Amino acid sequence: MEKLNYIRMPFDLGSLPEGWFSKGQINILYQLAIAAEGPILEVGPWVGRSTAVICHALLNRADTLPFHTVDYGIASAEEWKTRFGDDLSKKPDPDRYLRHINQPEGTITSLRRNLSERGLENLVTIH
């Protein structure tokens with residue numbers, strides 16, 4: 001694959017769901033999804049920032065690719081601690097996590113809602 005350089009993306013970064021990917025990482029992910037030659041598998045979408053980027057890339061391709069994303073769907077602080085060994089109450093901003101976790105179906109609910117609000121839900125299969 002050729003070297004990736006920063007490109008102008010056809011969407012506003014502020015329109016993406018919250019997450020941890022930086023502007024540069026988002027740009028690289030977008031370019032990789034544009035250049036992908038086969039199906040795309042994402043592991044750990046959290047609430048959809050990276051998923052939305054990949055979906056935007058798929059919208060701008062001449063062809064279509066299957067895109068699947070897989071996540072635990074964390075639904076409680078206890079489940080988070082069991083899976084990751086991390087106490088959310090000790091994080092600088094625990095609400096950033098808890099507002100997505102403490103709802104029916106946990107983080108998967110936020111993931112589905114974030115994609116639906118952006119019209120991207122039909123581009124990805126969530127597992």
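## A walk through the structure

The protein exposes about 7400 Å² of surface, and carbon and sulfur atoms supply 52% of that area. Keep in mind as you look around that this is a predicted model. Beneath that surface, buried residues make up 41% of the 127 residues in the protein.

Let us begin with the overall layout. The protein has five helices and three strands. If you read along the sequence, they come in the pattern α-β-α-β-α-α-α-β. The radius of gyration is 15 Å, close to the 14 Å that the globule rule gives for 127 residues, so the protein is as compact as a globular protein of that length. Taken along the principal axes, the C-alpha atoms fill a box of roughly 45 × 25 × 25 Å. Contacts also tell us how the chain comes together: of those with a separation of 6 or more, 66% are between residues 24 or more positions apart.

Now for the aromatic rings. A pair of aromatic rings is described by the distance of the centres and the angle of the planes. With a limit of 6.5 Å between ring centres, the count comes to eight aromatic pairs. One of them joins Tyr 72 and Phe 84: the ring centres are 6.0 Å apart and the planes stand at 65°, so this pair is edge-to-face, as angles over 60 degrees count that way. Tyr 72 sits in the loop between β2 (67-70) and α3 (77-84), while Phe 84 belongs to helix α3, so to speak a partner from a distant part of the chain, 12 residues apart. How open are these two residues to the outside? Tyr 72 counts as exposed because its relative accessibility is 52%, whereas Phe 84, at 43%, counts as partly exposed.

A second pair to find is Trp 80 with Tyr 97, which is also edge-to-face, with 5.3 Å from centre to centre and 70° between the planes. This pair again links distant parts of the chain, since Trp 80 is in helix α3 and Tyr 97 is in helix α4 (residues 95-101), 17 residues apart. Trp 80 and Tyr 97 are both buried. If you step back, you can see these four residues as members of one aromatic cluster, formed by Trp 20, Trp 46, Tyr 72, Trp 80, Phe 84 and Tyr 97.Charged side chains come next, and the structure holds seven salt bridges. Glu 18 is a good place to start, as its side chain meets that of Arg 96 in a salt bridge of 3.4 Å, N to O. Glu 18 lies in the segment before α1 (23-35) and Arg 96 in helix α4, so this pair ties together parts that are 78 residues apart in sequence. Glu 18 is partly exposed, with a relative accessible area of 26%, and Arg 96 is partly exposed too, at 23%. The side chain of Glu 18 also meets Arg 99 in a salt bridge, at 2.9 Å, N to O. Arg 99 is in helix α4 as well, so this link ties together parts that are 81 residues apart in sequence. With 39% relative accessibility, Arg 99 counts as partly exposed.

Elsewhere, Asp 63 forms a salt bridge with Arg 61, and the closest N and O atoms are 2.8 Å apart. Asp 63 is partly exposed, with a relative accessible area of 37%, but Arg 61 is buried, at 14%. Returning to Glu 18, salt bridges that share partners join Glu 18, Asp 95, Arg 96 and Arg 99 into one network.

Our last stop is Arg 49, which is found in helix α2 (residues 49-59). Which side chain of opposite charge is nearest to Arg 49? The nearest is Glu 18, 8.2 Å away, and Arg 49 is buried yet has no salt bridge. Leaving aside neighbours within four places in sequence, Arg 49 is in contact with Leu 13, Leu 16, Pro 17, Glu 18, Gly 19, Trp 20, Phe 21 and Ile 26. Two of these names have come up before: Glu 18 belongs to the salt-bridge network, and Trp 20 to the aromatic cluster.

Technical notes:
Residues are numbered from 1 along each chain as its sequence is written. This is a predicted model: local features need pLDDT of at least 70, side-chain atom pairs count only at pLDDT 80 or more; totals for chains, interfaces and linings use all residues. Side-chain values use heavy atoms; hydrogens and water are left out. Rings of Phe, Tyr and Trp (its six-membered ring) pair if their centres lie within 6.5 Å; planes under 30 degrees apart count as stacked, over 60 as edge-to-face and the rest as tilted. Helices (H or I, at least four residues) and strands (E, at least two) are DSSP runs, numbered from the N terminus. Buried means under 20% relative accessible area, exposed over 50%, partly exposed in between (1.4 Å probe, protein chains only). Lys and Arg count as positive and Asp and Glu as negative; His and the chain ends are not counted. A salt bridge is a side-chain nitrogen of Lys or Arg within 4 Å of a carboxyl oxygen of Asp or Glu. Contact means heavy atoms within 4.5 Å. The radius of gyration is taken over C-alpha atoms; the globule rule is 2.2 Å times the number of residues to the power 0.38. Accessible areas come from the Shrake-Rupley method with a 1.4 Å probe; for residues, only the protein chains shown count as cover.
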